Each structure stands twice: as structure tokens, then as C-alpha cells.
Amino acid sequence: MLGDHIKKTQRPSFNSLYDDVTGLPNFFLFEDRVQVAVSLENSKESSRDLSMILVAAVNIDNLDVFRKMHIEEMVIKKAANNLVL
């Protein structure tokens, strides 16, 4: 029972589809969009009509250093802005 309570409180709200810091889609919206894209491609009748699906991940090295300098949020926002551009 306690484990269920912890999982529910740690899970982000489904009403918030975008990350507060970056403005990018949160994990749940991202996962949904990937699943929709894959399903769409799998439902196409001809392999000739298939498209590529790209999923990108970004890892910010030394984020703990930025956290200690109290500029972690700024670095994450800058990285997100560059991704959007």
C-alpha cells in the first residue's frame, strides 16, 4: 500500500503535458507521440510508403556542477531552446 502511495505522488500530472522548466513535452506526451508515430508507420500497407522515425536524447554532462553553481535551470532552458530551434 505504501508503495502505491509513493508512486502516485511521484508521478507528474497528466494535465501538465509540458515540462515547466523547458517547455518541451513531458515524458508521457513524448511517449504517446512516439507510440502514435510507430503505430501509424506499422499500419501502412506498403513498405514503399514507410517513413523514418527519429528519437533524440540529450545528456548534459556535469549537470551536478551546474547545480552547485545554482545555474542548472538556466542551462537546461538554454539546451531546450536550442533543441526547439
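Two residues are taken to be in contact when heavy atoms of theirs lie within 4.5 Å. By this criterion, in the predicted model described here, 24% of the contacts between residues at least 6 apart in sequence join residues at least 24 apart.

The protein contains four helices and zero strands, and its elements, read along the sequence, follow the pattern α-α-α-α. Of the 85 residues in the protein, 8% are buried, while the accessible surface comes to about 7600 Å², with 57% of that area belonging to carbon and sulfur atoms.

Part of the surface is occupied by a nonpolar patch of about 440 Å², to which Phe27, Phe30, Val38, Ile53 and Val55 contribute. One of these residues, Phe30, is located in helix H2, which spans residues 27–43. With a relative accessible area of 37%, Phe30 is classed as partly exposed, because that class holds residues that are neither under 20%, as buried ones are, nor over 50%, as exposed ones are. The value of 37% also agrees with the place of Phe30 in the patch, since patch residues are required to have over 30% relative accessible area.

Ahead of helix H2, the loop that links this helix to helix H1 (2–10) includes Thr22. The side chain of Thr22 reaches the backbone nitrogen of Leu24 at a distance of 3.1 Å. When neighbours within four places in sequence are left aside, Thr22 is found in contact with Ile76 and Ala80.

Note on methods
Residues numbered from 1 in each chain as written. Predicted model: local features only at pLDDT ≥ 70, side-chain atom pairs only at ≥ 80, totals over all residues. Heavy atoms only, no water. Patch = residues over 30% accessible without salt bridge, like charges linked within 9 Å, V, L, I, M, F, W, Y side chains within 5 Å. Areas by Shrake-Rupley, 256 points an atom, 1.4 Å probe, with all protein chains shown as cover. Salt bridge = Lys/Arg side-chain N within 4 Å of Asp/Glu carboxyl O. Helix = DSSP H or I, 4+ residues; strand = E, 2+ residues; numbered from the N terminus. Buried < 20%, exposed > 50% of the residue type's maximum accessible area, 1.4 Å probe, protein only. Polar contact = N/O pair within 3.5 Å; in protein donor to acceptor, adjacent residues only side chain to side chain.
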